[in-house]
Amino acid sequence: FAATLSLGATAAQAQSQISGAVNADNQFAVVVSYAGSNATTVVNTGGTGYSWGTTKRFTIPVQDRMIPRCQVDIITWGDGAVREGMAGVLKGNQNTIFTGGPGFRAKDTGITRSSTLSSATINTIINMPITGPANPVNITPVVGGQWGTVNYQSGDFGNGVVPNGHQWIKPQGAGRTSKNYFVFRAPCAKLVKPVPVKKGMTFGIRNPYPNQINGTIHVGCGDKDGVNCDAIRGDTLCTTPKPILCINPLRLPKPASTVESGRWDKWSGGIIGTTKPMPAPSTLAAANQACTDEFGSGWRVAHFHDGYAGRSGWAFSAYGNVGTQDKRFWTHIDDQPNGVCW
């Protein structure tokens, strides 16, 4: 393996997800923010005719690289006539936190509620520090429990069971009634963790496509549309359905009209074809078996180094053709373990 590697297009950022379910007396907003940036509102029940007996469910996408800078704030406000509180749960791929158990921090903001929760007020609240450990130290259960029946389901919680300790809460020191905004905060890092993203290398169709004289086709790392592979780290998420590039390495002589453009672009001596699109197999044996299932004995997944000399790479020509369902194909490389999905 040698030569300068030309990387392909940057893949989409890996993303995790937080799900939640919340009740509040009387209104609430769920916002997500990142250090140094304004908040994005996920849910805002103000002015929507929301009734506190309704459980609102939502999802929050979080870019994995931003998890350390991310926080979720649930801002609540009441009518000042009866005790206010919040009941809810947040769930990620790492942890579930709920009101009545550890995880939330809470604060009476001291800001008098308004008829409308403005973006300026939201951004003031998300930048307020909340000191002290997570509840129940700085959170008080609302005496008397929940107001009526609250519609929570086992699927709202990580273990599939509504915990006995789930209850309404309010910030410690808050009175029986309040005309202020309360905020309940959880850092995203307590809920989600990045999921390792595994990628595999693909080849594409190169010019000439196909060779009209001799029935061969030209494939390689860089394709005729300008897309390149990443043979070291992989270029395509392993979960992406792609055809497997298969070859029967027969060591057939090179046609006179097939041009080898240099050391890194050789005649393979084989016949190639592609399978139907599929997520990348988890083992090399499974990738080879997919080729055998499609074409029969003697076929295997094509290799980065399938030039006729055995160690050339980056591109090669062969008899055969490729399917038309995709322009890129799963391909094996035997000396770059992080470049393949298997």
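1. Aromatic pairs. Rings of Phe, Tyr and Trp, the last taken by its six-membered ring, pair if their centres lie within 6.5 Å. By this rule the predicted model has nine aromatic pairs. One of them joins Tyr-152 and Phe-157: the ring centres are 6.5 Å apart and the planes meet at 50°, so the pair is tilted. Planes under 30 degrees apart would count as stacked, and those over 60 as edge-to-face. Tyr-152 is buried. Phe-157 is buried too.

2. Aromatic cluster. Four residues come together in one aromatic cluster: Phe-203, Phe-304, Trp-314 and Phe-316. Two of these names return in the next point. Phe-203 and Phe-316 are listed among the residues with the most contacts inside the largest nonpolar core.

3. Largest core. This nonpolar core has 33 residues. Ile-244, Leu-245 and Ile-272 also belong to the group with the most contacts inside it. Several elements each supply at least two residues of this core. The strands are β13, β14, β16 (245-248), β19 (315-320) and β20 (328-330). The helix is α2 (284-295).

4. Second core. A separate core holds 30 residues. Val-30, Val-32, Val-62 and Val-192 are among them. As background, nonpolar side chains tend to be buried together in soluble globular proteins.

5. Asn-214, setting. Where does Asn-214 sit? Asn-214 lies in the loop that runs from β13 (202-206) to β14 (216-220). Both flanking strands, β13 and β14, supply at least two residues each to the 33-residue core. Is Asn-214 buried or exposed? Its relative accessibility is 17%, so Asn-214 counts as buried; the cut-off for buried is under 20%.

6. Asn-214, partners. Leaving aside residues up to four places away in sequence, Asn-214 touches Pro-255, Ser-257, Thr-258 and Tyr-319. Two of these contacts have a polar component. The side chain of Asn-214 makes a polar contact of 2.7 Å with the side chain of Ser-257. Another, at 3.0 Å, links the side chains of Asn-214 and Thr-258. Tyr-319 falls in β19 (315-320), one of the strands that feed the largest core.

7. Whole chain. The chain has two helices and 20 strands. Of its 342 residues, 47% count as buried. Among contacts with a separation of 6 or more, 79% are between residues 24 or more positions apart. The exposed surface comes to about 15700 Å². Carbon and sulfur atoms supply 51% of that area.

Note on methods: Residues are numbered from 1 along each chain as its sequence is written. This is a predicted model: local features need pLDDT of at least 70, side-chain atom pairs count only at pLDDT 80 or more; totals for chains, interfaces and linings use all residues. Side-chain values use heavy atoms; hydrogens and water are left out. Helices (H or I, at least four residues) and strands (E, at least two) are DSSP runs, numbered from the N terminus. Buried means under 20% relative accessible area, exposed over 50%, partly exposed in between (1.4 Å probe, protein chains only). Contact means heavy atoms within 4.5 Å. Accessible areas come from the Shrake-Rupley method with a 1.4 Å probe; for residues, only the protein chains shown count as cover. A polar contact is a pair of N or O atoms within 3.5 Å; within protein, one must be able to donate a hydrogen and the other to accept it, and residues adjacent in sequence count only if both atoms are side-chain atoms. A nonpolar core is a set of buried Ala, Val, Leu, Ile, Met, Phe, Trp, Tyr and Cys residues joined through side-chain atoms within 4.5 Å.
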